[in-house]
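User: Please take a close look at one part of this protein and describe how it is built. I would like a connected account rather than a list.

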Amino acid sequence: MKHTLTDPPKLTRAQQAVLDLLRDVSQAIAAQDLFMMLRQTRSIGLATVYRSLETLKTRGLVKCVTGQPGEALYSLVGQDVHHLKCLSCDQSVQLENCPLSGVTQELQTTQQFKIYYHTLDFFGVCPDCQRSQQ
Ligand SMILES: [Zn+2]
Ligand SMILES: [Zn+2]
């Protein structure tokens, strides 16, 4: 059931620009790179980009994942995608369905936490690699 008490505040132009660009690039991107791309079409400061990302994050529109050590990558909050990852050949298989949808509902109720997204990956050895290991 969905109930809205008040409409969330409107996005600022900078926040909207950041959101639009993330939608266009459709992959996780570093704040620095976002800034460089935005700069080509408008006058915007790096601090504004960071502030916008923070706001979009706490409103559940953007998520931040860590790529390389210390490097934060930003992307839109879309459907959760989960993978089985083979440690031997680096093959990764995308799961059709999220195994956690029920858990998310339950946590929202029991913990009274508003959950925007989650991450989940499984690591191991794929069938091909299991065969070649034997
Ligand atoms: Zn493998
Ligand atoms: Zn999921």
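Analyst: This account concerns a predicted model, and it deals with the cysteines that UniProt annotates. Cys86 lies in strand S4, which spans residues 83-86. The unreviewed UniProt entry lists Cys86 together with Cys89, Cys126 and Cys129 under "binding site". Although these four positions are spread over 44 residues of sequence, they cluster in space, with a largest C-alpha distance of 8.2 Å.

Two of the cysteines can be followed in detail. Cys86 has a relative accessibility of 5% and therefore counts as buried, the cut-off being under 20%. When neighbours within four places in sequence are set aside, Cys86 is in contact with Gln91, Gly124, Val125, Cys126 and Cys129. Among these partners, Cys126 and Cys129 are also on the UniProt list.

Cys126 is located in the loop that joins strand S6 (121-124) to helix H5 (127-133). Its relative accessible area is 10%, so Cys126 is likewise buried. With neighbours within four places in sequence again left aside, the contacts of Cys126 are Cys86, Cys89 and Gln91. The contact between Cys86 and Cys126 thus joins a residue of strand S4 to one in the loop between S6 and H5. Gln91 is in contact with Cys86 and also with Cys126, although Gln91 is not among the positions that the entry lists for "binding site".

How values were computed. Residues numbered from 1 in each chain as written. Chains lettered and ligands numbered in written order. Predicted model: local features only at pLDDT ≥ 70, side-chain atom pairs only at ≥ 80, totals over all residues. Heavy atoms only, no water. UniProt positions renumbered as here; feature names shortened; annotations may be inferred. Helix = DSSP H or I, 4+ residues; strand = E, 2+ residues; numbered from the N terminus. Buried < 20%, exposed > 50% of the residue type's maximum accessible area, 1.4 Å probe, protein only. Contact = heavy atoms within 4.5 Å.
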